[in-house]
Structures are given as structure tokens and as C-alpha cells.
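Please open the structure in a viewer and keep the selection tool at hand. The tour proceeds by selections, each followed by a description of what is found there.

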Amino acid sequence: MRYAHRRSSSRLSSAIRRSLSTKPEPFKVLFFGRDQFSCGVLQQVLKAGDVWQEIVVVTQPDTKTGRRGSKVSTSPLKILAEEKHLDVYTIPHKRSDFKHFKPPPPFLVPDQASELSRNPPPEHLLVTASFGRILPNSLLDLFLPERRLNVHPSLLPYYRGAAPIQHALIDGQRETGVCVIEMTERKKGIDSGAIWNSRKLTIPEGASFPTLRDSLADVGGQLLVSTLRDMLAGKDTRLPQPDDPSAPRAPLITMQDSCVDFRKMTAEDITRRHRAISHQKPLTTFLKSQSTLQLHEPSVLTDVPASIKGVLPAEGAAIFHPRSSTLIVRCAGNTYLSVPMVRQQDRHLLKAKEWWNGVKPEMRLVEGPEGPVLFLPFEFPA
């Protein structure tokens with residue numbers, strides 16, 4: 001009994017010390033993410049030991065890939081978290097089951113669920129960074145509204161959606177950035193919460209998705225740490241997002257985004273698209289034989305021999321150029337694209353010369369043993 005009394009007294013003393021202290025407790029962080037962007041953000045938070053006392057990671061489950069599921073793909077965030085000896089939890093495989101996901105303690109304790117929803121602890125913090133799923137309201141309700149943060153790699157309200165980095169590159173933007181925003185319920189709009197903090201970043205000439213993603217992740221992580229320090233200091237820096245109906249959106253990248261239309265796209269348009277999405281989906285065109293052809297490592301050709309221009313009468317016409325060992329394709333705006341590697345449907349990746357040697361007569365602009373081939377756009381239904 002005396003031991004129980006001492007423990008009770010100790011708890012009371014601790015509670016009194018906390019109430020008298022003007023410095024709030026560092027955060028217990030529930031961190032949702034999956035990819036390299038998430039990893040970059042988390043690494044910056046891990047360095048800032050003054051803003052957190054516990055970090056628990058939630059990510060996507062392992063998936064089977066390759067032929068007949070012979071390989072297992074693991075979330076980069078899971079790998080990082082395990083290396084850092086953090087607790088890691090995975091969500092269900094089925095999207096429909098995610099709405100029933102229960103976070104681990106201390107964020108949800110079975111016999112305290114209703115109390116946590118009514119009075120979420122101020123030291124509990126929810127963070128998402130490139131997680132790829134919309135969190136259910138039952139999960140959001142376990143955290144105070146000002147303790148739900150999303151790190152989004154764009155200057156909101158520009159590029160709300162799942163692929164802001166890719167669309168900024170496709171559009172040829174010279175500037176982008178990162179925002180730390182308040183996470184809101186889905187019915188209030190995707191990526192539409194108040195902005196806690198933001199920072200601009202210049203997009204370097206020739207930037208690709210991986211390099212820009214890593215730069216934005218570092219900045220985003222630093223921005224998140226700065227925001228958490230403001231929170232702990234009692235500063236509320238939130239500002240509502242400006243309403244801009246004309247702001248470009250950033251939907252998921254689909255097959256349609258990877259299809260090249262040489263009639264409408266310049267060589268610069270195509271190379272920007274390659275740098276933006278080739279890590280997900282190789283750029284693809286279509287042959288007169290109805291098979292697809294992937295275009296690998298394309299670049300803009302500025303010094304085009306007159307002899308080449310003369311044999312490419314239309315956009316999408318292409319011919320092999322022995323001196324550069326590439327395919328040269330005429331594009332919109334009288335521009336030209338150089339393609340060193342291609343992969344035809346159901347075949348291996350080949351050098352341009354190897355592929356050109358196997359071109360069939362029916363693939364050519366004018367059917368026959370010689371002359372340029374013709375690349376066609378894919379007509380998607382309206």
C-alpha cells in the first residue's frame with residue numbers, strides 16, 4: 001500500500017510540474033508516408049530532437065511485383081523507419097478497408113477511444129507526406145484540428161492533387177515550393193486547408209522528377225520542423241488558402257499522360273514530360289502496325305541537318321541518323337527530337353540502330369523498304 005501511495009503521489013507531482021511549466025511537451029508524431037519524398041521529410045524531423053518525443057510510422061504494405069509475384073516491393077519509408085528503429089505499421093491492402101484502420105497506442109487506446117475523440121491530447125500530432133490515401137474522419141477526429149499537418153510539394157492553391165511535382169515539370173514552371181497545411185476532411189476539399197508555412201524553390205533548368213523531389217523533400221522537412229517549433233512556442237501562423245479557380249491541378253499520372261502527340265507537342269514539351277514522368281511511365285508513341293513504342297532518353301535536337309529535314313515531311317515522321325546513332329523525329333513547331341533508345345511492345349530495350357534495322361515496310365510513312373517511319377498519336381475517347 002505504501003508503494004502504491006508513493007506512485008500516486010509521484011504522478012500527482014508530475015502533473016503539477018507539467019501544469020506549472022510554460023513549455024509544452026514535444027510531440028508524439030504519427031507519420032503517414034510511403035516514398036522518397038516522405039523519407040526526406042522524415043529525416044529532417046529526426047534531426048530535430050527538440051520537437052518530438054516519439055515517432056510512429058504508418059505506410060503502405062509490401063506488394064508483390066514481377067512475373068507471377070516473384071519479387072516483393074517494400075515502401076522506402078518502411079525501410080528508413082526500420083533502419084532508425086522506429087515502430088512501423090502498415091495499412092490494409094484493400095482501399096475499402098483503410099477507412100477502418102486503427103492507429104496504434106498512444107494515439108488510440110481501446111478503452112479510451114471515445115475520450116480521445118472528445119479531448120485529443122495537444123501533444124499528439126498527425127503528419128502526412130506523400131501518403132497516397134485520404135485519411136478517414138475517424139482518424140482525423142483523434143487529433144486536434146491544429147495538430148493535423150500535411151507537407152505538400154507545391155505553392156498552394158497551385159497543383160492541388162496527387163502529382164504536383166510531375167505537373168509543375170510538364171507545364172514548364174520556373175518556380176515551385178512546399179506548403180505545410182492543415183489537413184481537413186475530404187468534403188472540405190483536397191489539399192485546401194489553411195497554410196501554416198510555405199517556401200518557394202526555383203526549378204533548375206533541365207530538372208527531373210527525382211532531383212526536384214529530393215530538393216522539395218529537404219525543404220519540406222525543414223519547413224515542417226520550423227512549423228512545429230512555432231507550435232511549441234504558441235505561435236499560430238495559419239492563413240487561409242487564397243481562392244483561385246484558375247489554379248492548375250495535379251491529378252494522378254495516367255497512361256494518357258505518357259502518350260506523345262507529335263502534332264501538338266514540341267521537342268521541348270516532350271523532353272519536359274520525359275523528365276517529369278519517365279520514372280513512372282515511359283513516354284509512348286504508336287506505330288502504324290498498332291503496336292506501342294517507348295521512347296527512352298529523348299533530347300531536343302537543335303542542329304538538324306538539312307538532309308534530315310527534307311525527308312521528314314510531317315509531325316511524327318522519324319528516321320535513323322547514323323552520325324548521332326539516334327532516331328530523329330519531327331515534332332510540332334518545326335522542332336526535332338533525338339531518341340537513342342526505344343522499346344517496342346513485347347520486346348526488349350534496344351539501341352535506335354538495332355530497332356531501325358528491324359523496321360517493317362508497313363511501319364513506314366510510305367509503305368516500302370526505305371524511308372521514314374510514322375509515329376501516330378493514340379486517340380483517347382472523349
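Begin by selecting the strands of this predicted model. Seven of them form an open sheet with mixed pairing, in the order β5-β2-β1-β6-β7-β8-β9. The edges are occupied by β5 (87–90) and β9 (195–202); each has a single partner strand, so one side of each is left without a neighbour in the sheet. From one strand to the next, the twist averages 20 degrees.

Next, select strand β6, residues 124–129. Are its residues buried or exposed? Six of the six are buried, so β6 is largely enclosed by the rest of the structure. His124, Leu126 and Thr128 point one way from the strand, while Leu125, Val127 and Ala129 point the other way.

Now add the partners of β6. Strand β1 (residues 27–33) runs parallel to β6 and is joined to it by six bridges; here Leu30 stands opposite Leu126. Strand β7 (residues 148–152) also pairs with β6 in the parallel sense, over three bridges, and Leu149 in β7 is the bridge partner of Val127.

Continue from β7 to strand β8, residues 175–182. These two strands run antiparallel and are joined by four bridges. Select His152 to find Cys179 of β8 opposite.

Turn to the helices that pack on the sheet. Helix α3 (residues 76–83) touches β1, β2 (52–59) and β5, and its direction makes about 145 degrees with that of β2. Helix α7 touches β1, β6, β7, β8 and β9, and the direction of α7 makes about 150 degrees with that of β9.

Keep α7 (residues 209–232) selected and add helix α2 (residues 36–47). Their axes are 7 Å apart, and the helices pack at an angle of about 35 degrees in a right-handed crossing. Residues of α2 in this contact include Phe37, Gly40 and Val41, and those of α7 include Leu216, Gly220 and Leu224. The contact residues divide into seven nonpolar, six polar and two charged.

Measure α7 from end to end in the viewer. At 1.5 Å a residue, its 24 residues should span 34 Å, and the end C-alpha atoms are 34 Å apart, which agrees. Following α7 is Gly234, which has a positive phi, near 85 degrees.

Finally, select Gln166 in helix α6, residues 164–170. Gln166 counts as buried because its relative accessibility is 7%, under the 20% cut-off. Beyond its neighbours within four places in sequence, Gln166 is in contact with Phe209, Ile253, Ala276, Ile277, His279 and Gln280.

Definitions and conventions:
Residues are numbered from 1 along each chain as its sequence is written. This is a predicted model: local features need pLDDT of at least 70, side-chain atom pairs count only at pLDDT 80 or more; totals for chains, interfaces and linings use all residues. Side-chain values use heavy atoms; hydrogens and water are left out. Axes are lines fitted to C-alpha atoms, for helices over the stretch in contact, and angles run from 0 to 180 degrees between N-to-C directions. A crossing is left-handed if the near helix is turned anticlockwise from the far one by less than a right angle, and right-handed if clockwise. Contact means heavy atoms within 4.5 Å. Ala, Val, Leu, Ile, Met, Phe, Trp, Tyr, Cys and Pro count as nonpolar, Asp, Glu, Lys and Arg as charged, and the others, Gly among them, as polar. The expected span of a helix is 1.5 Å times one less than its number of residues. Buried means under 20% relative accessible area, exposed over 50%, partly exposed in between (1.4 Å probe, protein chains only). Two strands pair if DSSP finds at least two bridges between them.
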